[in-house]
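Here is a walk through one structure, taken step by step. Keep the sequence and the 3D view side by side as you read.

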6 protein chains.
Amino acid sequence: MSEPLRHLRADGTAHMVDISSKEVTAREATATGRVLLSAAAVRALREGTAPKGDALGVARLAGIQAAKKTPDLVPLAHPVAVHAVEVDLTVTDDGVEIRASVRTADRTGIEMEALTCVSVAALAMVDMIKAVDKLAVITDVMVVAKSGGRSGDWTRDP
Amino acid sequence: MSEPLRHLRADGTAHMVDISSKEVTAREATATGRVLLSAAAVRALREGTAPKGDALGVARLAGIQAAKKTPDLVPLAHPVAVHAVEVDLTVTDDGVEIRASVRTADRTGIEMEALTCVSVAALAMVDMIKAVDKLAVITDVMVVAKSGGRSGDWTRDP
Amino acid sequence: MSEPLRHLRADGTAHMVDISSKEVTAREATATGRVLLSAAAVRALREGTAPKGDALGVARLAGIQAAKKTPDLVPLAHPVAVHAVEVDLTVTDDGVEIRASVRTADRTGIEMEALTCVSVAALAMVDMIKAVDKLAVITDVMVVAKSGGRSGDWTRDP
Amino acid sequence: MSEPLRHLRADGTAHMVDISSKEVTAREATATGRVLLSAAAVRALREGTAPKGDALGVARLAGIQAAKKTPDLVPLAHPVAVHAVEVDLTVTDDGVEIRASVRTADRTGIEMEALTCVSVAALAMVDMIKAVDKLAVITDVMVVAKSGGRSGDWTRDP
Amino acid sequence: MSEPLRHLRADGTAHMVDISSKEVTAREATATGRVLLSAAAVRALREGTAPKGDALGVARLAGIQAAKKTPDLVPLAHPVAVHAVEVDLTVTDDGVEIRASVRTADRTGIEMEALTCVSVAALAMVDMIKAVDKLAVITDVMVVAKSGGRSGDWTRDP
Amino acid sequence: MSEPLRHLRADGTAHMVDISSKEVTAREATATGRVLLSAAAVRALREGTAPKGDALGVARLAGIQAAKKTPDLVPLAHPVAVHAVEVDLTVTDDGVEIRASVRTADRTGIEMEALTCVSVAALAMVDMIKAVDKLAVITDVMVVAKSGGRSGDWTRDP
């Protein structure tokens, strides 16, 4: 293996960064986000009367499945073996709070998987409730904690 | 074709709503969103020095491709023939503003495609810049206008 | 358009049959199937204590999503715009009965979508319950009714 | 890595179980199933005159490819690196018997891959022969043997 | 529907061109290509002894399936309903000649589907034979004829 | 694990070869190819006036993404964790030269990923420029170097 793939390209063109020499270690990332909804939509979620059925269950599953599709959605993301996903959806007076934790034992971090999980759970939530509330807003999608890997543990300041 | 599939299910379980009797009409939807970034990240985008290469180009393309994948991501979304997609990314002092317009001639609206396009463009942007700014936030993802279909034209109040 | 693609190939090789001259008509297909389970597994489903969570909800959604993936799974199936999907799962003393109805307005029948929906719902059910019952059997997956298209309405003899 | 993701969730919601601390070991699973067909369909298979071409070859390949798609079809299945797949299709007087063996060296079992392989091979077989026999039934799809992993070797009683 | 999506963008960025106002018409495209192989590889194909099995059948099916995946592979390609695919593979003394015809009734041409079909059939052929010949070359992949659509019938000069 | 999956099948049918006992080692492959274009198309690429936007950027990204989709396109290819991808596109007087390097640390070689990367980059290039040049030809797609694995380093003779 004579010369390694360069980490930065001279001409600034897009490329998938080389991770082949990074170590396989346990890694976890947690992301959160919110879907802002009308009072009527919140009521429909609390009463289980969203028009297309179980909105919370569908959004949770959409998020879990999307975590596995991250390398297909994010062009330069590396394929990562997703080893665990948990998604919590909490109905509040303002809408729905989403929190996702993803875990792997692989060569690179799993933050994009956590963010993709939250974003797609939010998209599915909007789809389930849009007949009741066409003004839904997805907001505050961000990584809040990660652990493992070379850079170590990190928690976002509140 | 004796009895139509029911639009609402008695037991509240998830189902894909029947659109087979809806008319094929031209439809368009526009969604917007923002990625909040640090000053250093904004500078990298303006100078074209994002570590993985052309961040704006990659995010734009990720959004366009994601619009086509909407029915694979959003569990109860209908497959829709996407006929046009445009994505505008504008670097501001606070980060990146994303605006996507999607058009079809089909039996159902295309708002979920526009929202998915914006969300995945935002995810790709976060991926391209995360080595510079791990605090990026995706926010204010929402439908701002739609036209066509039975419900007619609509623009979100500012 | 001088000469049509042939419906049968002289050399017997696989090909996707030409449907471009068939008419777009409303079409529906219903398929059924069963997953045979142990008494302990049936109890877990009835009590909602399956180890990975809401088994019936996950299987239902897996079936709906699989209907959309039929042309990706069945090599010579035509892409069909799925317009409606309903999946019913009924827990019996022997396991779970699955019934799926799929509807489209397109150029070819939608039986494969209904069968794929039932088969993948069954696979997801096995996955959800396999920690309790590793002897699960998927059985009796078949089309039971179809309507629309040139061949007209048809119901399987009981 | 302070606290592990929980194996069972208090609220019974769906989640992808954590396998990150399981060991990478060689694992194999074998599943079988049958497609029941009419005498005319069996004859077409034996004479190689199925209307869309080489039915056995197409079904075999559909099964192999589906094994790789298992995590995309089964919502809570973990991505597994499929290392070998073999599919045997045997034409009998009653239809077609399918037997698939799948092998990996990974952190979790590969039974779902073997079952998905058999199920999708069966769906493809139905598609190839449905112009001759619209009464085809997929039946007796089950795991018959597995080896490797913590639980060790196991063979289903006949 | 006030203003149409622009066909050309002022800033030269990538976008999916608007086809929503184009008519649905029958369209067909034919592409060809070649895989250059060693004498030993040609012999293995003629004798049916390629190491991974039926190379011609696998390549043919890979091509058919790839035609359906064109919009997932080619970023700005529109989703098109593929209505027919035929792939012919001919073993010559120099390797394998591939010819694919694809047909649709849709709003845009289907040349990219025909080219993708040939390219992926060629890739699959290389994969099937690479244990015998690691010097295989895919060459001369091009559109040779198309018909239908506004631009009418066209055949490439020999 | 009593008996290994056989490397060659007695009946010559297609199967995915067993790699579970091969070692995980760093592996790299490089492939090249060309798209032959008219003088007008070359000019459009050099002046950045290709009708659908940034042709070189889109082709590069299409290639990178396709490398990750290789096991979905090439039926008997093993899933491989792609760890790095670089694609260089050079506009010449005759068209575009494409060179792709792909790297992994896995159980099998990554030549098919490099070839798929080049082929799909070429397809995307043809799509971007086809409104200017409908005679584009994809040619000379081949592996030019590989390293790692049991067979060691290899470079194609010029």
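Start just past helix 1 of chain A, where A:Gly48 follows with a positive phi, near 65°. The model is a predicted one.

Now step back into the helix itself. Helix 1 of chain A spans residues 39-47, and its buried residues include A:Ala41, A:Val42, A:Ala44 and A:Leu45. These four cover an arc of only 160° around the axis, so they sit on the same side of helix 1 of chain A. The other side has exposed residues: A:Ala39 and A:Glu47. What lies over the buried residues? Among the elements of chain A that cover them are helix 2 (55-73) and helix 3. Strand 2 (82-91) and strand 3 (95-106) of chain A also help to cover them.

Follow helix 3 of chain A next. This helix runs over residues 111-129 and holds A:Asp127. The UniProt record, an unreviewed entry, annotates A:Asp127 as "active site". Is A:Asp127 buried or exposed? Its relative accessibility is 2%, so A:Asp127 counts as buried, the cut-off being under 20%.

Look at what surrounds this residue. Leaving aside residues up to four places away in sequence, A:Asp127 touches A:Lys52 in chain A. From chain B, A:Asp127 touches B:Val74, B:Leu76, B:Ala77 and B:Met112. With A:Lys52 there is also a polar contact: the two side chains are joined at 2.9 Å.

That leads to the boundary between chains A and B. Here 42 residues of chain A are in contact with 42 residues of chain B. Between them the two chains bury about 3,600 Å². Carbon and sulfur atoms account for 67% of that area. Which three residues of chain A supply more of its buried area against chain B than any other three? They are A:Lys52, A:Leu73 and A:Leu123, which supply 16% of the area that chain A buries there. A:Lys52 thus appears twice in this tour: in the polar contact with A:Asp127, and among these three residues.

Finally, turn to chains C and E. Two copies of a chain are related by a rotation about an axis and a shift along it. For chain C laid on chain E, the turn is 120° and the shift along the axis is 0.0 Å, with an RMSD of 0.0 Å. This is the relation of a three-fold axis. Which C-alpha of chain C is nearest the axis? That of C:Ala81 is, at 5.1 Å from it.

Note on methods:
Residues numbered from 1 in each chain as written. Chains lettered and ligands numbered in written order. Predicted model: local features only at pLDDT ≥ 70, side-chain atom pairs only at ≥ 80, totals over all residues. Heavy atoms only, no water. UniProt positions renumbered as here; feature names shortened; annotations may be inferred. Helix = DSSP H or I, 4+ residues; strand = E, 2+ residues; numbered from the N terminus. Buried < 20%, exposed > 50% of the residue type's maximum accessible area, 1.4 Å probe, protein only. Contact = heavy atoms within 4.5 Å. Polar contact = N/O pair within 3.5 Å; in protein donor to acceptor, adjacent residues only side chain to side chain. Least-squares fit on C-alpha atoms with pLDDT ≥ 70 in both. Arc of directions from axis to C-beta. Buried area = accessible area lost by both parts, 1.4 Å probe.
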